[in-house]
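Here are some short exercises on how two chains meet. Have your viewer open, try each task, and then walk through the solution.

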Protein chains: 2
Amino acid sequence: MTLVSDETTTAVLSGAELAKDIRARVTATAAELTDAGTPPRLAVVVATDDESTAWYVRSIAKAAAKTGIRCDVVDLGADATPERIRGELTALSEEPSVHGIVLQTPLPGGACLEELAAAIAPEKDVDGANPVSLGRLSAGLPAFAPATAAAVLELLDHYEIPLSGRRAVVVGRSNVVGRPAAQLLLRRDATVTVCHRYTRDLAAHSRQAEVLVVAVGRIGLIGAEHISPGAVVIDVGTNPTEDGGLVGDVDERAVTGLAAGLTPVPGGVGPVTTALLLRHTVESAWRSTA
Amino acid sequence: MTLVSDETTTAVLSGAELAKDIRARVTATAAELTDAGTPPRLAVVVATDDESTAWYVRSIAKAAAKTGIRCDVVDLGADATPERIRGELTALSEEPSVHGIVLQTPLPGGACLEELAAAIAPEKDVDGANPVSLGRLSAGLPAFAPATAAAVLELLDHYEIPLSGRRAVVVGRSNVVGRPAAQLLLRRDATVTVCHRYTRDLAAHSRQAEVLVVAVGRIGLIGAEHISPGAVVIDVGTNPTEDGGLVGDVDERAVTGLAAGLTPVPGGVGPVTTALLLRHTVESAWRSTA
């Protein structure tokens, strides 16, 4: 797909079609693996009562079932201790029939995602939460990237957005999105700037972006003044609205007619993220048979 | 120290005094540790015939001896296989009397630093070469940073250069300097841009830097056109000259009178790097007694 930057048409960079393609390939691979005696299996460890998390985890389980991946939701309860969570992750890491392990956030108070995720075997770390995965990514070694960060790159590639030598700006520096997305963009030879809450004059930085990735979690953070004409904008934000909907960090109306392309929320990064979690799981299962 | 940016005075950000201070504290700690029955010990694994490497390793060993750290240079020869190197790193990782392990580059053809360094126990990885160290750094967890990247920050702190909210540009994206330096600057709340060989119009980026870190290895890479008045420039480059000297990546004459401060080469980042390698070793020894 070619993006035309005529300052009137902003392409909607939907993730729906891409996610469908990925799921179709995952389904085929999962069937092959199952036939060969290695049914792919994903475990999602949950330790929260949060309703929207429960909804999200159910949507992963449903998507997994549809593609032929067994998905166990291991609910440890909102009062699970870090020791209990670590013990579960270790047990799942040692269980040969499990190929992917996700530690779902939020975690109970006192539990640190990065510390606990170190107990996930790197080869099963399908959401790239173990610090060793981030380190291996940074070092250019094979590793699973966090699925959300991987989805950003998958979308850019799907819409054939060139990255080498181009100015990419990442707004947000979380360990699950901003930092790994910056690493992935750097590996693809973009010149990468990471902005965050302490950045002075965000607009001055973001206006330089040919590719802008926004992953903060604040409605209306990015408006027309933050974008240069022709920029490609990937909106990773998912903010619940009062009417039960979901909006991103980018003011869609404001940047339409200015950006060359913008991912919708919902229907942009989200479905691709879930599809990649499943792809990572069959990749892990595939490698386990080698 | 206050840096005055009057476009005539460029402060020389020497590393000599700072390195001396660090070594003095290391010496005191090493003596305490030795008295307490835990003499700190560093092992440097070498697998090359390269003369300048041999010179550098000897300088580490000499500095270690002066501070009361035992330093073993383990020379495996230029024909050492990756398996042999990995075996040695594993053995040293398991040896309780060794507190710091450095895998010296260059390595024999076919050997990958990042892959091999994964065999260095993270708690002994005093030069931050194991990908898990880089991952932990990125994730905000305790870990040893590569000594050179740590030296960049140590110098900036020594000369009281503020970082939070300021624009830092790192030129070079190696796993030993550029990437970890960018991570450390990001942890200190700078807005960080990483430039590299594919960056178009390097000067346009580097001129935006309030703090510019240059770690490429090319004489004269950074001239007057690359610097904005008042920028603080850390020159990590060490390039041998025909007359047996050493110069950095920054054209010192060109930026003098423009930059607010510049680290000299030699005598800037280099001595601080060696001192930090020793500090990391006593820190590791200290933790081993806990």
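**Exercise 1.** Find the area buried between chain B and chain A, and the residues of chain B that lose the most area.

*Solution.* In this predicted model, about 2900 Å² is buried between chain B and chain A. Carbon and sulfur atoms give 52% of that area. Next, look at chain B: R179(B), L186(B) and T191(B) lose the most area to chain A, together 17% of what that side buries.

**Exercise 2.** Work out how the two copies are related.

*Solution.* Start with the superposition: a turn of 180° and a shift of 0.0 Å along the axis lay chain B on chain A with an RMSD of 0.0 Å. The two copies are therefore related as by a two-fold rotation axis. The same surface serves both copies, as 100% of the contact residues of chain B recur in chain A. Now count the contacts: 34 residues of chain B touch 34 residues of chain A.

**Exercise 3.** List the polar links, and say which elements of chain B supply the touching side.

*Solution.* Two salt bridges cross the interface. One of them joins D189(B) to R173(A), with the closest N and O atoms 2.8 Å apart. Polar contacts number 18 residue pairs between chain B and chain A. Helix 4, helix 5, helix 7 and strand 6 of chain B each supply at least two residues of the side that touches chain A. Helix 5 of chain B gives the largest share, six residues.

**Exercise 4.** Describe how strand 6 of chain A pairs with strand 6 of chain B.

*Solution.* The two strands run antiparallel and are joined by three bridges. Across this pairing, V194(A) stands opposite V192(B).

Note on methods:
Residues numbered from 1 in each chain as written. Chains lettered and ligands numbered in written order. Predicted model: local features only at pLDDT ≥ 70, side-chain atom pairs only at ≥ 80, totals over all residues. Heavy atoms only, no water. Least-squares fit on C-alpha atoms with pLDDT ≥ 70 in both. Contact = heavy atoms within 4.5 Å. Buried area = accessible area lost by both parts, 1.4 Å probe. Salt bridge = Lys/Arg side-chain N within 4 Å of Asp/Glu carboxyl O. Polar contact = N/O pair within 3.5 Å; in protein donor to acceptor, adjacent residues only side chain to side chain. Helix = DSSP H or I, 4+ residues; strand = E, 2+ residues; numbered from the N terminus. Pairing = 2+ DSSP bridges.
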